[in-house]
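Trainee: Could you take me on a close look at one part of this protein, the pockets and what surrounds them? I would be glad of one connected walk through it.

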Amino acid sequence: MKRANIKYLLISLILIALTLGSGCLLPPVAAPPSPAPSSPPSGTTTPIDSGWKIPLAGNQPSLPSIADVVAKVKPSVVAINTEVVTYIFNQPRTQQGAGSGWVIRGDGVIITNNHVVEGAKSITVTLDDGRTLPVDMKTVATDPVEDLAVLKIGVGNLPAVTVGDSLKLRVGDWVVAIGNSLGLGITAKEGIISRLKVSITVSAQETLYNLLETSAAINPGNSGGPLVNMAGEVIGITSAKISAAGVEGMGYAIPSQEAVPIIQQLISTGYVIRPWLGVGLYTVDQYVVFRYNLGVDKGVFVTNVAAGSPADKAGIKAGDVIASMNGKEVTAAQELMQTIHSSKIGQQVEIIFWRGKTKYTVSATLIKSPPPS
């Protein structure tokens with residue numbers, strides 16, 4: 001009996017060994033079938049243009065030489081330093097200011113911004129060669145309307161710049177701003193013309209019109225300096241920038257075509273002659289409405305009327321609110337000034353104004369603006 005069991009055990013072991021040696025007695029698992037190649041979309045098997053080749057650019061225009069422009073213009077750019085007396089608690093204090101300018105005539109005539117020299121008791125000019133010279137304050141002529149000023153120093157044989165034509169500018173044109181940035185000396189910053197004929201509001205009562213916008217960096221101290229094209233011609237006078245968090249590359253300049261007539265009059269006459277109504281103006285706001293108990297809540301408040309002026313002769317008085325001129329509604333002081341200045345000397349204008357709750361219509365004949373007092 002034991003021998004039979006041993007015999008069956010040996011047979012079982014032999015069968016197991018054969019099974020292991022053969023790898024597996026189960027049928028092999030078949031591999032998944034290969035996917036059939038996809039057919040191309042209908043219609044793309046025919047070449048679009050078997051002879052076409054990608055066109056390659058030829059010789060690229062070289063970038064303009066900023067260094068050549070700076071070398072040409074920088075000797076004509078000056079640093080301007082001012083002293084302005086202010087009063088705090090009736091105590092005088094002298095404040096220092098810095099700006100830029102440029103030589104328009106070799107006999108020492110210099111152009112800058114009005115706001116650079118406004119209210120200054122003394123002005124000095126530092127030339128490119130390092131000389132610092134005082135300005136004869138009697139020669140300073142300013143125009144607050146266009147923010148321009150002319151002054152003169154007592155030295156000759158200075159290199160003068162050439163004034164270019166801003167009307168030829170296009171968005172994207174290269175320009176260079178040269179000036180006394182941060183009062184640290186004359187530096188140059190390159191950029192392009194970003195926009196043309198731009199208006200920006202610099203305060204509640206002041207808006208600047210028809211400006212050039214540039215990506216060239218404009219910093220405090222640059223005001224009054226030249227914005228030049230790649231020919232080294234002044235096509236703008238740097239005037240303002242937007243200073244706000246997250247705002248970069250938005251500087252502004254007065255275009256040369258706007259500035260040239262003003263500069264010409266400042267040099268030849270000492271002031272700018274414009275049509276004149278003879279009123280002081282302020283934009284109506286809630287404070288003025290409450291303070292003077294006005295009968296209207298919009299328009300231009302008349303702060304004063306010059307004796308013998310067209311406004312005086314027309315019967316306009318301080319405290320009146322001008323609502324329109326020549327059929328055009330006006331709601332801001334500078335808007336009304338723009339309307340007056342765009343008129344002609346000797347032109348008769350129709351003015352509608354309020355006095356209390358009563359509306360009046362009068363005519364006034366504009367005359368030449370008198371010299372500044």
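Mentor: Happy to; we begin with how far to trust the model, then go through the pockets, the salt bridges and a few buried spots.

This is a predicted model, so confidence comes before anything else. The chain has a mean pLDDT of 86, with 83% of its residues at 70 or more. Residues 1–27 are another matter: there the pLDDT is below 50, and beyond near neighbours in sequence the stretch has two contacts in the model. Where pLDDT is low, the predicted coordinates should not be read in detail.

Now to the part you asked about. The largest pocket holds about 830 Å³ of space. It is lined by 31 residues, and the closest to its centre are Pro144, Val145, Arg274, Met337 and His341. Helix 7 (333–341) gives the largest share of this lining, six residues. Strand 6, strand 15 and strand 16 (279–283) also supply at least two residues each. By chemistry, the lining of the largest pocket divides into 18 nonpolar, 10 polar and three charged residues.

The second largest pocket has about 370 Å³ of space. Of its 20 lining residues, Val145, Glu146, Glu258, Arg274 and Gln338 are the closest to its centre. You will recognise Val145 and Arg274, which are also among the residues closest to the centre of the largest pocket. Strand 11 gives the most to the second lining, with five residues, while strand 14 (251–255), helix 4 and helix 7 each supply at least two. Here the residues divide into 10 nonpolar, six polar and four charged.

Arg274 deserves a stop of its own. Its partner is Asp143: the two form a salt bridge, with their closest N and O atoms 2.8 Å apart. This pair links distant parts of the chain, since Asp143 belongs to strand 6 (residues 141–143) and Arg274 to the loop between helix 4 (256–268) and strand 15 (275–276), 131 residues away in sequence. Are the two partners buried or exposed? Asp143 has 4% relative accessibility, so this residue counts as buried. Arg274, at 12% relative accessibility, counts as buried too. As a reminder of the chemistry, side chains of opposite charge can pair when their charged atoms come close.

The structure holds eight salt bridges, and two others make a useful comparison. Arg195 and Glu213 meet through their side chains at 2.7 Å, N to O. Arg195 lies in strand 10 (residues 187–203) and Glu213 in strand 11 (residues 206–214), so this salt bridge ties together parts that are 18 residues apart in sequence. Strand 11 is the element you just met as the main contributor to the second lining. The partners sit in unlike surroundings: Arg195 is partly exposed, with a relative accessible area of 40%, whereas Glu213 is buried at 6% relative accessibility. The other salt bridge joins Arg170 and Asp173, at 3.9 Å from N to O. Arg170 counts as exposed because its relative accessibility is 59%.

Just before Arg170 in the chain comes Leu169, in the loop between strand 8 (162–163) and strand 9 (174–179). Leu169 is buried, with a relative accessible area of 9%. Leaving aside neighbours within four places in sequence, Leu169 is in contact with Ile193, Leu196, Leu212 and Ile235. Leu212 is 43 residues away along the chain, yet the C-alpha atoms of Leu169 and Leu212 are separated by 9.4 Å.

Beside the open pockets, the structure holds one cavity of 30 Å³ or more, with a volume of about 30 Å³. Its lining is made of Trp102, Ile104, Val163, Val234, Ile237, Ser256, Ala259, Val260 and Ile263. Strand 2 (91–105), strand 13 (233–241) and helix 4 each give two or more of these residues, and helix 4 has the largest share, four residues. The cavity lining divides into eight nonpolar residues, one polar and no charged. Helix 4 therefore appears twice in our walk, since it also supplies at least two residues of the lining of the second largest pocket.

One last stop is Ser324, in strand 18 (residues 321–325). At 9% relative accessibility, Ser324 counts as buried. Beyond its neighbours within four places in sequence, Ser324 is in contact with Glu329, Val330, Glu350, Ile351 and Ile352.

Conventions: Residues numbered from 1 in each chain as written. Predicted model: local features only at pLDDT ≥ 70, side-chain atom pairs only at ≥ 80, totals over all residues. Heavy atoms only, no water. Buried < 20%, exposed > 50% of the residue type's maximum accessible area, 1.4 Å probe, protein only. Contact = heavy atoms within 4.5 Å. Salt bridge = Lys/Arg side-chain N within 4 Å of Asp/Glu carboxyl O. pLDDT = per-residue confidence, 0-100. 1 Å grid on protein atoms, 1.4 Å probe; cavity = no way out; pocket = protein on both sides within 12 Å on 5 of 7 lines; lining within 4 Å. Points joined across faces, edges and corners; volume = space filled by probe spheres on them. Nonpolar A, V, L, I, M, F, W, Y, C, P; charged D, E, K, R; others polar.
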